[in-house]
Amino acid sequence: MRYELIVIGSGPAGRRAAIQAAKLGRSALVVENRARVGGVSVHTGTIPSKTLRETVLNLTGWRERGFYGRAYRVKKEIGGSDLNMRLRKTLEHEIDVLEHQFARNGVRTIAGIARFVGPHEVAVVEPDGDEHRFEADSVLIAVGTAPYRPPHIPFNDTNILDSDALIAEPRVPRSLTVVGAGVIGLEYATIFSALDVPVTLIEPRDTFLDFIDREIIDEFVHQLRDRGMAIRLGCKLERVEVDGQGWPIAILDDGRRIRSEMLLYAAGRIGATAKLGLDTCGLEIDSRGRLAVDPATFQTAVPHIYAAGDVIGFPSLASTSMEQGRIAACHAFGAPMPPAPAYFPYGIYAVPEISTVGLSEQEVRERGIPCECGIARFRETSRGHIMGLETGMMKMIFALDDRRLLGVHIIGEGATELIHIGQAVLNLGGTLDYFVENTFNYPTLAEAYKIAALDAWNRMPRV
Ligand SMILES: Cc1cc2nc3c(=O)[nH]c(=O)nc-3n(C[C@H](O)[C@H](O)[C@H](O)COP(=O)(O)OP(=O)(O)OC[C@H]3O[C@@H](n4cnc5c(N)ncnc54)[C@H](O)[C@@H]3O)c2cc1C
């Protein structure tokens, strides 16, 4: 019962670490407290929310509305069963692929709740109550996070709910209040707004998504307000009351009362570390249940115990979690690791979607780098005309001294795919000349790169 690596949690970080260990010829055990593998990413987070988004965009005919008008719908009445059908099929397929991946690579998985009983020993309580103990040379904590549920919110998992409960049995409410303008809150607020559900978004701060370029956020806010979303920034939720009909009323600190059929509380998540027995191995967590690690190796304060994924905090993405898990496993077994590329892309699957890589204009200015920006609107591309796109834009930022690319920021159709061109050029140290001199497929949205680069070039001093 000894493994070279025990991984606690089978989400993106845990999965990638275990498979990396197996590929290095090491024995790995993955402990997962859900009945099936996949973690938050597959069961309640990334995949379900993106599937819901795709279902909504398809059934509402959202992508065709530029041509056929705002009333256009592929399916007139869209209900919970429509949303659920595609969700169940997609999740089943995803889990099947993951289970096969573990089996193919000889990674053993066990369903149960893991906790440390010593620095090198992990106890696992199976669903039937049986407890097993396993020893490990190294352990990776990849337990992820759970939605933060403050005691003053009367959650009932029916119409006052967090993001886990919302996706468990998605349905279409008559109106929706979303508390929290973080990535999760914004994704769901905009998905339901695309279903023509009246949505009110509440955020205590005056700004949101501060790591995204402000020009992109301005465009985003404009589009959301244009389609009728009520955005209440700088308003704190004081409490939630329930009226005679059972509808929640959000009471704000400025006295406003917002009544809706459903309230989604999406203001923060907390590391799933409380029951891990971390004290038995001398590890401490912060106020949000997160663990601190060495950002290069993902070792915790106890060198043979690693942590990766959402449990270590920002950026809390499935994509970055996978990489962190892989690096942790490589480090644990002394496998060579090239340095991580300077920039990773960030995707926000709201409607419209946003994606960004590199520095924002604010960050460039804070660093005192003289720069020029170029903008392309998707409606300027032939592909945009064909698709009936009225919105969507790309912003590129270049250094004035050597024309190197500093950042790419996109809002609109295909943003999360398009960003990878910018990512490649950025991480390879490319310049504006790449975009000006290269031929792009025509007609594509990727042509926006050339248009934005030429826009910047037009305004740059000639050398
Ligand atoms: C609504 C939503 C949408 C998202 N959308 C995106 C997106 O579009 N793109 C993106 O990149 N990221 C997205 N994310 C984030 C992404 O899901 C996370 O970054 C990713 O899942 C984190 O992976 P992880 O490896 O840390 O583990 P997780 O996926 O969090 O999984 C951890 C697993 O460990 C299990 N576990 C916990 N404690 C124990 C224990 N004691 N014993 C055994 N098992 C345990 C948990 O039950 C869970 O199954 C989204 C998240 C949410 C909530």
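How many aromatic pairs does a search of the whole structure find? The search turns up eleven, a pair being two rings of Phe, Tyr or Trp (its six-membered ring) with centres within 6.5 Å; planes under 30 degrees apart count as stacked, over 60 as edge-to-face and the rest as tilted. This is a predicted model, so local features need pLDDT of at least 70 and side-chain atom pairs count only at pLDDT 80 or more, while totals for chains, interfaces and linings use all residues. Residues are numbered from 1 along each chain as its sequence is written, and side-chain values use heavy atoms, with hydrogens and water left out.

Take F155 and Y265: their rings meet edge-to-face, 5.9 Å centre to centre, with 90° between the planes. F155 sits in the loop between β7 (145-147) and β8 (160-161) and Y265 in strand β15 (residues 262-265), so this pair links parts of the chain 110 residues apart (strands are DSSP runs of E, at least two residues, and helices runs of H or I, at least four, numbered from the N terminus). Both residues are buried, where buried means under 20% relative accessible area, exposed over 50% and partly exposed in between (1.4 Å probe, protein chains only).

F155 has a charged neighbour too. The charged end of R149 sits over the F155 ring, 4.3 Å from its centre; for this, NZ of Lys or CZ of Arg must be within 6 Å of the ring centre and within 35 degrees of the ring normal. R149 also joins D157 in a salt bridge (3.2 Å, N to O), meaning a side-chain nitrogen of Lys or Arg within 4 Å of a carboxyl oxygen of Asp or Glu. R149 is partly exposed, at 37% relative accessibility, and D157 is partly exposed as well, at 43%.

Salt bridges turn up elsewhere: the whole structure has 38 of them. In one, R171 pairs with E261, the closest N and O atoms being 3.1 Å apart. R171 lies in the loop between α6 (163-168) and β9 (176-179) and E261 in the loop between β14 (257-259) and β15, so the bridge ties together parts 90 residues apart in sequence. With 28% relative accessibility R171 is partly exposed, whereas E261, at 13%, is buried. Elsewhere, D213, E215, E361, R365 and K395 are linked in a network of salt bridges.
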